[in-house]
Amino acid sequence: MEILRFITAGSVDDGKSTLIGRLLYDSKSILIDQLAAITKQSKNREAGEIDLAILTDGLRAEREQGITIDVAYKYFSTPKRKFIIADAPGHVQYTRNMVTGASNSDLAIVLIDARKGVIEQTRRHALIAALLGIPKMVVAVNKMDLVGYSQTVFEQIQADFQILQQKLNLETVKFIPISALSGENIVNRSEYGLSWYEGETLLAYLENVEIATKKQKNEQPQRFSVQYVLRPQTAELPDYRGYAGAVKSGIFRKGDTVWVQPTGLATSIKSIELNQKEIPFAAEGQSVVLHLADEIDVSRGDLIVGEKQPPLIGSQVQARFCWLDTKPLQIGGTYLLQQHSRRVRCKVKNVDYRLNINTLEKESQVAQIALNDIGSLELKAAQPLVYDPYQELRAGGSAILIDETSNLTVAALMFEPFR
């Protein structure tokens, strides 16, 4: 069965956690003991209502403040599809957590409070979703019950967002008016207030939206990240040499000609091992051991790639970034760049521009890059990097920057072709 990974994003109190709780509750994906527990803890139990947001607000601080702080993951399924939901925080200070949750999502649901319309945090979340190359987006206009189920309000928000959609080149955006609190157009259609809406409910759209198929994923460029060189050197295995790692994209088969990068040494795959058993091929997401036909130099952090669509290699790279640290970016400063299992020292040569969240204009004269800023920079690495442009291959086009002294992650990077 296909799996759809999606993230919910929106500003504080837009109703993200309630929306997810409603999805789980109305699709009957909550266990009896879970339902009993949230009924007992429900803030609204005096009114006879269940606070569905409790399902995702797992931390004590989240429940006390009624906000989401960390990314919460939930799983559920219907007869048509399985779903993995990432519930991202709405506070500006926790935007970095949204980057984490969005990095491997197929779809983003951006919630908008019908009373507030398109606000700065809406633009920021849409921009991050576009930056991370999330192919599908749903704009769920929530709390329609609080604006009298006004079709005019919904259409105005839709028109406002479409201006943003054009600027961000978002191809597929679905607009759905909902009320997460009362469950209208989430799993079940609204029979009264939103009867003017003739489209699909949110769950129906999630069940039917087109996502990359297994065949399409297997046709992507071959990328295998080496994590460990296995040489047990025991009496039973005196000559064993295998390369343990993860298939980041594509499919590797026994006999394939491959290159080890960045050294550029060529060889072929002698065998593929999974749980100490030989298998004929390995696909994206599998952790396996590759055995190569030749005894060549392969180290942790190297990338084994196929013949078609080779990656870019270079010490100078251009990348879009989202700054995730409270400490400002230091132009000319050195950081550690982590890509898969490889870590390389690098220097920030230049910040090309910072995006103005409200106008989406590129500001080239930037005095400082601060928390949550988005833009483009140029890096000079101490060793050659092997990478793909992010827009062409998400698995090979991302990395993080790490502060050398604090060891904190300070930026998410999306590589671009070097200009």
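In this predicted model, the largest nonpolar core comprises 43 residues, and those touching the most other members are Ile7, Leu132, Met137, Phe161, Leu168 and Ile374. The leading contributor to this core is helix H5, spanning residues 120–131, which supplies six residues. Apart from this core lies another, made up of 27 residues and including Ile85, Leu107, Leu111 and Leu202.

Met137 illustrates how one member of the larger set is surrounded. When neighbours within four places in sequence are set aside, Met137 is in contact with Ala108, Val110, Ala126, Ala129, Phe161, Leu170, Thr172, Val173 and Lys174.

The description now turns to the sheet. Six strands form an open sheet with mixed pairing, in the order S2-S3-S1-S4-S5-S6. Strand S2 (72–77) and strand S6 (172–177) occupy the edges; each has a single partner strand, so one side of each is left without a neighbour in the sheet. From one strand to the next, the twist averages 20 degrees.

Within this order, strand S1 (residues 3–9) pairs with strand S4 (residues 107–113) in the parallel sense, over four bridges. Ala9 stands opposite Val110 of S4, and Val110 is also among the contacts of Met137. Helix H1, residues 16–26, packs on the sheet and touches S1, S2, strand S3 (82–87) and S4. The direction of H1 makes about 145 degrees with that of S1.

Arg22 is found in helix H1. Is this residue buried or exposed? Arg22 has a relative accessible area of 13%, and because buried means under 20%, Arg22 counts as buried. Residues up to four places away in sequence not being counted, Arg22 touches Ser27, Leu52, Ala180, Leu181, Ser182, Gly183, Ile186 and Val187.

Further along the sheet, S5 and S6 run parallel and are joined by six bridges. One pairing between them places Val141 with Pro177, its bridge partner in S6. Helix H6, residues 151–168, lies across S4, strand S5 (136–142) and S6, and runs at about 165 degrees to S6. Together, S5, H6 and S6 make a right-handed β-α-β unit.

This unit also leads back to the opening topic. Met137, Phe161 and Leu168 are among the core residues that touch the most other members; S5 covers 136–142 and H6 covers residues 151–168, and Met137 is in contact with Phe161.

Key. Residues are numbered from 1 along each chain as its sequence is written. This is a predicted model: local features need pLDDT of at least 70, side-chain atom pairs count only at pLDDT 80 or more; totals for chains, interfaces and linings use all residues. Side-chain values use heavy atoms; hydrogens and water are left out. A nonpolar core is a set of buried Ala, Val, Leu, Ile, Met, Phe, Trp, Tyr and Cys residues joined through side-chain atoms within 4.5 Å. Buried means under 20% relative accessible area, exposed over 50%, partly exposed in between (1.4 Å probe, protein chains only). Helices (H or I, at least four residues) and strands (E, at least two) are DSSP runs, numbered from the N terminus. Contact means heavy atoms within 4.5 Å. Two strands pair if DSSP finds at least two bridges between them. Axes are lines fitted to C-alpha atoms, for helices over the stretch in contact, and angles run from 0 to 180 degrees between N-to-C directions. A crossover is right-handed if, with the strands pointing away from the viewer, the path from the first strand over the helix to the second runs clockwise.
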